[in-house]
Amino acid sequence: MVEDLRHSGTMLSGYNISYEGVFPAFLFATLNYMIILFCNLTLILTIVMNKSLHQPMHLFLVNLPINDLIGSSALFPQLLKELLTNSRRMQLSTCIAQAFFIHIYAAGTVFILSAMAYDRYIAICHPLRYNTVMTNAHIMKIITLVWSSCVVLIAVLFILLLRLRRCRSEITHSYCDNPSLLTLVCEDTTINNIYGLFISALSQIIANGTVLYTYLRILIACFRSKQSDTKAKALQTCATHLLVFLLLECLGLFTIISYRINNIPPHIRRFLGVSTLVFPPTLNPIIYGLKTKEIREKVMTLLAKFKVPRKVIKEKMKSFKRAKDIFHQ
């Protein structure tokens, strides 16, 4: 029975979209994925191709769109295939790979945002020591620590999962993740549950502790500053970053809680799960990248270099501004 399930693959619950709604849903998902790819790849290329942007803040920032591409690319191709073919079946190996990269994305986001908060803390609270502390070697150590921590923690999670025997094939979720894959198992999952809760708690303590401490110190430093322009700019930057972080934390927290409460409607659980893979990758390059004057100017130059018409560039920048205004509202 287990061998048959391994060959037949995994069945997802799907999105329960009517026949009339398939094409609009496919069009919307395709457009959303193209926007995510365009914005994040543009941000990566802009930072990589401009030596003037090879500064600590931007070196940390470039990891965020890379991570967003990992998360969105783990979801959207399978989602588009499901909408196009009306098939909810997925090979088990594909399902495990999707779950692995989704968890890498989730862990990577909180650790990268924590590293960026630390960078802003040094820049604003200890400006005279910034160049001494944030050397290229120190930055590379932090980035290496962030990615290696994500890979090791998530790899252990999936090693523990793969050792268990599966006797079911249907997942009551719209995509694969560790809690969903555990529902296929017919052995004791106590160790997996304990380890899963441990890494969730560990990442939340590190991320929330770092962000709360650094931003509290930044706020104190801003209110003590006598330079009103510097204070306003720092507060605006920190407020924006904090809002994005809180949005991600709320979506992630609600998603984790939804697995523990059985009477939550399945469509709400699916919406919360998909939201964590759609909203942050769409908003992050706008909020963190194109909102920054230096990056915005370099993006315009880069697009002009690829002979993108100025009218198209202006239209894109207007849409980004509207998206930013909507987000702030």
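Ser275 is buried, with a relative accessible area of 2%. Ser275 lies in helix α11, which covers residues 266–290. Apart from neighbours within four places in sequence, Ser275 is in contact with Leu251 and Pro280. The model described here is a predicted one.

Helix α11 also holds Arg269. The relative accessible area of Arg269 is 12%, and because the limit for a buried residue is under 20%, Arg269 counts as buried. The C-alpha atom of Arg269 is 6.7 Å from that of Thr255, although 14 residues separate the two along the chain.

**The chain as a whole**

The protein chain contains 13 helices and 3 strands. Of its 329 residues, 46% count as buried. Its accessible surface comes to about 17600 Å², and carbon and sulfur atoms account for 66% of that area. Among the contacts in the protein chain with a separation of 6 or more, 78% are between residues 24 or more positions apart.

**Helices α4 and α9**

Helix α9 runs over residues 190–224. Its 35 residues should span 51 Å at 1.5 Å a residue, and the C-alpha atoms at its ends are 50 Å apart, so the two values agree. Which residues of α9 are buried? They are Asn192, Tyr195, Gly196, Ile199, Ser203, Ala207, Val211, Thr214, Tyr215, Ile218 and Cys222. In an α-helix there are 3.6 residues a turn, so residues three or four places apart point the same way.

Helix α4, residues 63–85, has 23 residues and an expected span of 33 Å. The C-alpha atoms at its ends are 34 Å apart, which agrees with that expectation. A kink of about 30° is nevertheless present in α4, centred on Ser72. The residue that follows α4 is Asn86, and its phi is positive, near 55°.

**Leu160 and its contacts with α9**

Leu160 is found in helix α7, residues 136–162. At 18% relative accessibility, Leu160 counts as buried, because the cut-off is under 20%. Outside its neighbours within four places in sequence, Leu160 is in contact with Ile191, Asn192 and Tyr195. Two of these partners, Asn192 and Tyr195, are among the buried residues of α9. Leu160 and Tyr195 are 35 residues apart in sequence, while their C-alpha atoms are 8.9 Å apart in space.

**Helix α2**

Helix α2 covers residues 19–49 and includes Leu45. Thr42 lies in α2 as well. Is each of these two residues buried or partly exposed? Thr42 is buried, with a relative accessible area of 12%, whereas Leu45 is partly exposed, with a relative accessible area of 39%. Leaving aside neighbours within four places in sequence, Thr42 is in contact with Leu37, Val299 and Leu302. Leu45, for its part, joins Val48 and Met49 in a nonpolar surface patch of about 260 Å².

**Salt bridges**

Side chains of opposite charge can pair when their charged atoms come close. How many salt bridges are counted in this model? The count comes to 2 salt bridges, and the table gives the N to O distance of each.

| Basic residue | Acidic residue | N to O distance |
|---|---|---|
| Arg120 | Asp119 | 3.0 Å |
| Arg165 | Glu187 | 4.0 Å |

In the salt bridge between Arg120 and Asp119, both Arg120 and Asp119 are buried.

The side chains of Arg165 and Glu187 meet in the other salt bridge. This pair links distant parts of the chain, its members being 22 residues apart. Arg165 is in the loop between α7 and β3 (170–171), and Glu187 is in the loop between α8 (178–182) and α9. Arg165 is partly exposed, with a relative accessible area of 40%. Glu187 is likewise partly exposed, at 37% relative accessible area.

How values were computed:
Residues are numbered from 1 along each chain as its sequence is written. This is a predicted model: local features need pLDDT of at least 70, side-chain atom pairs count only at pLDDT 80 or more; totals for chains, interfaces and linings use all residues. Side-chain values use heavy atoms; hydrogens and water are left out. Helices (H or I, at least four residues) and strands (E, at least two) are DSSP runs, numbered from the N terminus. The expected span of a helix is 1.5 Å times one less than its number of residues. Buried means under 20% relative accessible area, exposed over 50%, partly exposed in between (1.4 Å probe, protein chains only). Contact means heavy atoms within 4.5 Å. Accessible areas come from the Shrake-Rupley method with a 1.4 Å probe; for residues, only the protein chains shown count as cover. Patches are made of residues with over 30% relative accessible area and no salt bridge: like charges are joined within 9 Å, nonpolar side chains (Val, Leu, Ile, Met, Phe, Trp, Tyr) within 5 Å. The bend at a residue is the angle between axes fitted to the seven residues ending there and the seven starting there.
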